[in-house]
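Reader: I would like to go through this protein from the atoms up. Please keep each answer short and end on the value or name I ask for.

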Amino acid sequence: MIPEAGSAGRIHDVLIVGGGLVGASLAIALEPLGLDVAMLEATPGSQLPAVFDERNLSFAEATVNALTALGVMPLLRAPTGSIRRIHVSRRGDFGRIRMDAAAHGREEFGRVVVARDFGDALELRLLQLATLTRYRPCRFVALDGADDDGVRAVRVADADGERTLRTRLLVAADGARSQVRGALGIATRERDYGQTLFVARLRAQRAPDGTAYERLGDHGPTALLPRGDGHFGLVHGVPTAEAAAVAALDDPGFLARVQDAFGWRAGRFLSIGPRTAYPIIASVAASLVAPRAVLVGNAAQGLHPLGAQGFNLGLRDALTLAECIAAAPDPGAAAVLAQYAARRQQDRQRTLAFSDGLARLTSSDARLLRPLRSAGLVAGDAMGWLQGWLVGGAMGYRGDVPTLCRGTSA
């Protein structure tokens, strides 16, 4: 039910549509600013959004820094896995890329966190916010345009029917199929990679030792991420046309398929947990802003998961937006939104290009590309400057990096 705080006459400074990973993080980041912030959530208070499932999230160092400063990392209940080494190879190609955090003066590149545990930690942190208004369960219906007094009128609905909320800044954090983005009339460019990813918890003969493995193939990646519970987080890509048949495999059959795709670097695969499948369709919004409205996270861009950049990029969206808002008296002013779009441009473009280019190059089975890929793998393993560039991007340091990501206070 919509709380009385949303009654007619009240104007929120910021209204966030979507209570997932990025939307919730933004609400937490805005807390110190003393603004009237509200969040629209489709799920009831007793449930977590569907995105907080058993998938494994790879947090770059910049993300760990920011979430620690925001008070979220200390609330994680399950142990996290440290990524101290990265090993990338491709089936059928010569060479590999090996990166060690210690060689770059770091203890680790990042950490592996189970999405459900992260959702629980975010919820605990949100409950500590005294000034956040949460509308749940409640859904976005439509926009009523921008009023003359500089606010957005937003129609929402719950079990009691529809009503209108007003806000100086509307934030679309409602995912890749963003209804807010559609209502704003912002076009998107989509790319269907023809792949489906299966994610699960996997136990292997060798326990995780801090190495994150990325084994590339003609039809997608197979990755093993070092979780904190002694298991690996598995990501296995298959052609979408084969996804139904792969989903129908029993556990021994599925393990045999993954073993064949990955190899034996972690020893024999022993058991697999529940599997979930996700089609890979990337989407990129033509604009990040509209009058008194802004896109963040997957509403702004959905990436191929190769390289694990999606949430890390979305969090940098949220933190940059919070910094822009902090420096302005009106959070929805055109100058604030222009600054946000400008600050996000370099990081966004570089990360999108890296993710898409890597997905296209590594998944192609063209024989003529094999020498080029092999040369790239050898160079990435041997050349210090190239490794430094790869490491910086993997750790979340591209373009204009938000202050909290650098491990310092805002």
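Reader: Is arginine 343 buried or exposed?

Author: This is a predicted model, in which local features need pLDDT of at least 70, side-chain atom pairs count only at pLDDT 80 or more, and totals for chains, interfaces and linings use all residues. Residues are numbered from 1 along each chain as its sequence is written, and side-chain values use heavy atoms, with hydrogens and water left out. Buried means under 20% relative accessible area, exposed over 50%, and partly exposed in between, with a 1.4 Å probe and protein chains only. Arginine 343 has 16% relative accessibility, so the residue counts as buried.

Reader: Which residue forms a salt bridge with arginine 343?

Author: A salt bridge here is a side-chain nitrogen of Lys or Arg within 4 Å of a carboxyl oxygen of Asp or Glu. The closest N and O atoms of the pair are 2.9 Å apart. Arginine 343 is in helix H8 and its partner in the segment after helix H10 (384–394), so parts 57 residues apart in sequence are tied together; helices (H or I, at least four residues) and strands (E, at least two) are DSSP runs, numbered from the N terminus. The partner, partly exposed at 31% relative accessible area, is aspartate 400.

Reader: What is the distance between the closest N and O atoms of aspartate 317 and arginine 344?

Author: Aspartate 317 lies in helix H7 (residues 310–326) and arginine 344 in helix H8 (residues 334–363), so their salt bridge ties together parts 27 residues apart in sequence. Aspartate 317 is buried at 1% relative accessibility, and arginine 344 is buried at 0%. Their closest N and O atoms are apart by 2.7 Å.

Reader: Which residues are linked with Glu123 in a network of salt bridges?

Author: One pair in that part of the chain is arginine 136 with glutamate 123, at 3.5 Å from N to O. Arginine 136 sits in the loop between strand S8 (132–135) and strand S9 (139–146), whereas glutamate 123 belongs to helix H3 (residues 115–127), 13 residues apart. Glutamate 123 is buried, with a relative accessible area of 18%. The residues networked with Glu123 are Glu41, Arg134 and Arg136.

Reader: Which proline is joined to arginine 136 by a cis peptide bond?

Author: Most residues other than glycine have a negative phi, and most peptide bonds are trans. The bond that follows arginine 136 is cis, with omega about -10°. The proline lies in the loop between S8 and S9, and its name is proline 137.

Reader: What is phi of arginine 292 near?

Author: Arginine 292 lies in the loop between strand S18 (289–290) and strand S19 (293–295). Arginine 292 is buried, with a relative accessible area of 15%. Its phi is positive in a residue other than glycine, and is near 55°.

Reader: How many disulfides does a search of the whole structure find?

Author: A disulfide is counted as a pair of cysteine sulfur atoms within 2.5 Å. Cysteine 324 is buried at a relative accessible area of 1%, and cysteine 405 is buried at 0%. The number of disulfides found in the whole structure is zero.

Reader: How many residues are in the largest nonpolar core?

Author: A nonpolar core is a set of buried Ala, Val, Leu, Ile, Met, Phe, Trp, Tyr and Cys residues joined through side-chain atoms within 4.5 Å. Val14, Ile16, Phe59, Leu67, Phe118, Val171 and Leu321 touch the most other members of the largest one. Apart from it lies another core of 18 residues, among them Leu224, Val246, Val258 and Ile272. The residue count of the largest core is 74.

Reader: How many residues of helix H1 are buried?

Author: Helix H1 spans residues 21–30 and is mostly covered. Its buried residues include Leu21, Val22, Leu26, Ile28 and Leu30. Of the ten residues in H1, the number buried is ten.

Reader: How many bridges join strand S12 to strand S17?

Author: Two strands pair if DSSP finds at least two bridges between them. S12 (residues 188–204) and S17 (residues 276–285) run antiparallel, and valine 199 has threonine 276 in S17 as its bridge partner. S17 also pairs in the antiparallel sense with strand S20 (residues 301–302) over two bridges, where serine 283 stands opposite glycine 302. Between S12 and S17 the bridges number nine.
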